[in-house]
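This note is addressed to a student who is beginning to read protein structures. Please keep the sequence and the three-dimensional view at hand while working through the numbered points.

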Amino acid sequence: MSKSTDFYTKRTLEAWDEAAPIHASINAALHEKVADPNFNNLNRDFDSLVNRFEVSNKSVVQVCCNNGIDLLSVKKKGAGRCLGIDGSKAFVDQAIGLAQAAGHDDIEFFHSDIYDLPDVFQGSFDIAMITVGVLGWMPDLTRFMGICSSLLKDGGILLIEELHPILNMYEEGNPSNIDGSYFRKEPFIESDGLDYFSYKKYDGKENYSFPHSMADILTAAIDNRLQLLHIKELAYNVGNFCADLEHTENNPPLGVNFAWRKGAV
Ligand SMILES: C[S@@+](CC[C@H](N)C(=O)[O-])C[C@H]1O[C@@H](n2cnc3c(N)ncnc32)[C@H](O)[C@@H]1O
């Protein structure tokens with residue numbers, strides 16, 4: 001019998017807490033970098049997408065914000081109220097420190113497993129955003145998209161940048177090898193750490209990730225009455241996973257961006 005959502009997310013979040021100090025030491029220069037008024041960590045197409053929806057003075061929530069530098073990038077574009085939510089307390093603490101270093105201690109951060117988020121933020125935001133490396137941690141994608149949608153005002157916009165689902169077929173570090181089915185349903189279970197910057201392995205807590213197909217993502221949005229406004233597949237590395245594929249002759253898409261509006265038919 002399959003395990004509960006809670007079973008998977010609580011264990012995976014412990015693995016994220018464990019990774020936080022490793023990421024912090026790899027990214028030690030960030031405290032200085034974020035102080036630059038022009039600091040912008042967004043990948044180029046996601047940056048254009050954010051600009052298209054004119055964030056100036058708008059309220060923005062980032063779901064699974066990690067150390068908050070993508071939200072901080074949006075704040076520096078002139079966004080109004082900004083809230084970052086993440087289930088790793090250690091990453092939320094880093095996000096608070098980086099926002100302070102950037103001179104933006106008005107950015108709010110909230111620590112919660114996204115599936116346990118209280119109702120207080122419902123219907124509060126013009127824009128909800130998710131940047132690369134989040135959907136795969138969600139055991140129940142339809143419920144997750146419903147939670148993202150619930151944070152939006154009617155007519156609000158959900159922006160997602162993600163690894164392309166086809167990458168679930170590839171083995172990290174061995175781009176010539178297709179070693180899995182695109183239609184795999186069972187979770188990936190790993191315990192060699194979550195260092196996706198240097199890809200150094202360490203003996204870590206077990207984490208669980210879930211292969212969602214393109215149809216799974218689009219259906220989760222349809223089921224939550226989200227109207228697709230934009231989709232773009234990206235030929236370049238957006239999340240350090242199988243980045244070498246960018247330079248192969250028969251290159252698959254590496255990333256995908258979406259924009260949806262809440263309140264569709
Ligand atoms: C790859 S990182 C996202 C990085 C993102 N691109 C950024 O830097 O803004 C994934 C994040 O999702 C968070 N996360 C994973 N599962 C979660 C859950 N169930 N609830 C809340 N946050 C979760 C992790 O703690 C981690 O910070």
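1. Two strands are said to pair if DSSP finds at least two bridges between them. Strands β2 (residues 82-86) and β3 (residues 108-111) satisfy this requirement, because four bridges join them, and the two strands run parallel. One of these positions may be checked directly: glycine 84 has phenylalanine 109 of β3 as its bridge partner. Please note that the model under review is a predicted one.

2. The connection between these two strands deserves attention. Together with helix α5 (residues 89-101), β2 and β3 make a β-α-β unit, and this unit is right-handed.

3. To which sheet do these strands belong, and in what order do its members lie? The sheet is open and has seven strands, ordered β3-β2-β1-β4-β5-β11-β10, with mixed pairing. Why is one side of β3 and of β10 (226-234) left without a neighbour in the sheet? Both stand at the edges and each has a single partner strand, so one side of each remains without a neighbour. From one strand to the next, the twist averages 15°.

4. Within the sheet, β1 and β4 are joined by three bridges in the parallel sense. Here valine 61 is found opposite alanine 128, a residue of β4. As general background, strands of a sheet pair through backbone hydrogen bonds, either parallel or antiparallel.

5. Helices pack on this sheet. Helix α6 touches β1, β4, β5, β10 and β11, and its direction makes about 135° with that of β5. Helix α7 also packs on the sheet, where it touches β10 and β11; its direction makes about 10° with that of β11.

6. The nonpolar interior should be considered next. In soluble globular proteins, nonpolar side chains tend to be buried together. The largest nonpolar core in this model has 41 residues, and the members with the most contacts inside it are Ile114, Met138, Phe144, Leu158 and Trp260. Two or more residues of this core come from each of α1 (5-26), β1 (60-63), β2, β4 (125-130), α6 (141-150), β5 (152-163), α7 (214-223) and β11 (255-262). Apart from this core lies another, of 29 residues, which includes Ile69, Val92, Ala102 and Ile127.

7. Tryptophan 260 merits a closer look. When its neighbours within four places in sequence are left aside, its contacts include Met145, Leu158, Ile217, Leu218, Ala221 and Leu228. Glycine 156 and glutamine 227 are also among the residues that tryptophan 260 contacts.

8. Serine 149 belongs to helix α6. Is this residue buried or exposed? Its relative accessibility is 7%, and the limit for a buried residue is under 20%, so serine 149 counts as buried. Sequence neighbours within four places aside, serine 149 is in contact with Asn224, Leu226 and Lys262.

9. Helix α3 (residues 44-52) has Asp45, Phe46, Asp47, Leu49 and Val50 as its buried residues. These buried residues pack against α4, β4, β5, β10 and β11. Just after α3, glutamate 54 takes a positive phi of about 45°.

10. How many salt bridges does the structure hold? The structure holds 12. In one of them, the side chains of lysine 75 and aspartate 106 meet at 3.3 Å, N to O. This pair links distant parts of the chain, since lysine 75 lies in helix α4 (residues 69-75) and aspartate 106 in the loop between α5 and β3, 31 residues apart. Lysine 75 counts as buried at 11% relative accessibility, whereas aspartate 106, at 45%, counts as partly exposed.

11. Another salt bridge is formed by the side chains of glutamate 108 and arginine 81, at 2.8 Å from N to O. Glutamate 108 is in strand β3 and arginine 81 is in the loop between α4 and β2; 27 residues separate them. Both are partly exposed: glutamate 108 has a relative accessible area of 31%, and arginine 81 has a relative accessibility of 35%.

12. A further salt bridge joins the side chains of lysine 185 and aspartate 216 (3.0 Å, N to O). Lysine 185 is in the loop between β7 (174-178) and β8 (188-190), and aspartate 216 is in helix α7, 31 residues apart. At 53% relative accessibility, lysine 185 counts as exposed, while aspartate 216, with a relative accessible area of 25%, is partly exposed. Finally, Asp6, Lys10, Asp113 and Asp116 are joined into one network by salt bridges that share partners.

Key: Residues are numbered from 1 along each chain as its sequence is written. This is a predicted model: local features need pLDDT of at least 70, side-chain atom pairs count only at pLDDT 80 or more; totals for chains, interfaces and linings use all residues. Side-chain values use heavy atoms; hydrogens and water are left out. A crossover is right-handed if, with the strands pointing away from the viewer, the path from the first strand over the helix to the second runs clockwise. A nonpolar core is a set of buried Ala, Val, Leu, Ile, Met, Phe, Trp, Tyr and Cys residues joined through side-chain atoms within 4.5 Å. Buried means under 20% relative accessible area, exposed over 50%, partly exposed in between (1.4 Å probe, protein chains only). Contact means heavy atoms within 4.5 Å. Axes are lines fitted to C-alpha atoms, for helices over the stretch in contact, and angles run from 0 to 180 degrees between N-to-C directions. A salt bridge is a side-chain nitrogen of Lys or Arg within 4 Å of a carboxyl oxygen of Asp or Glu.
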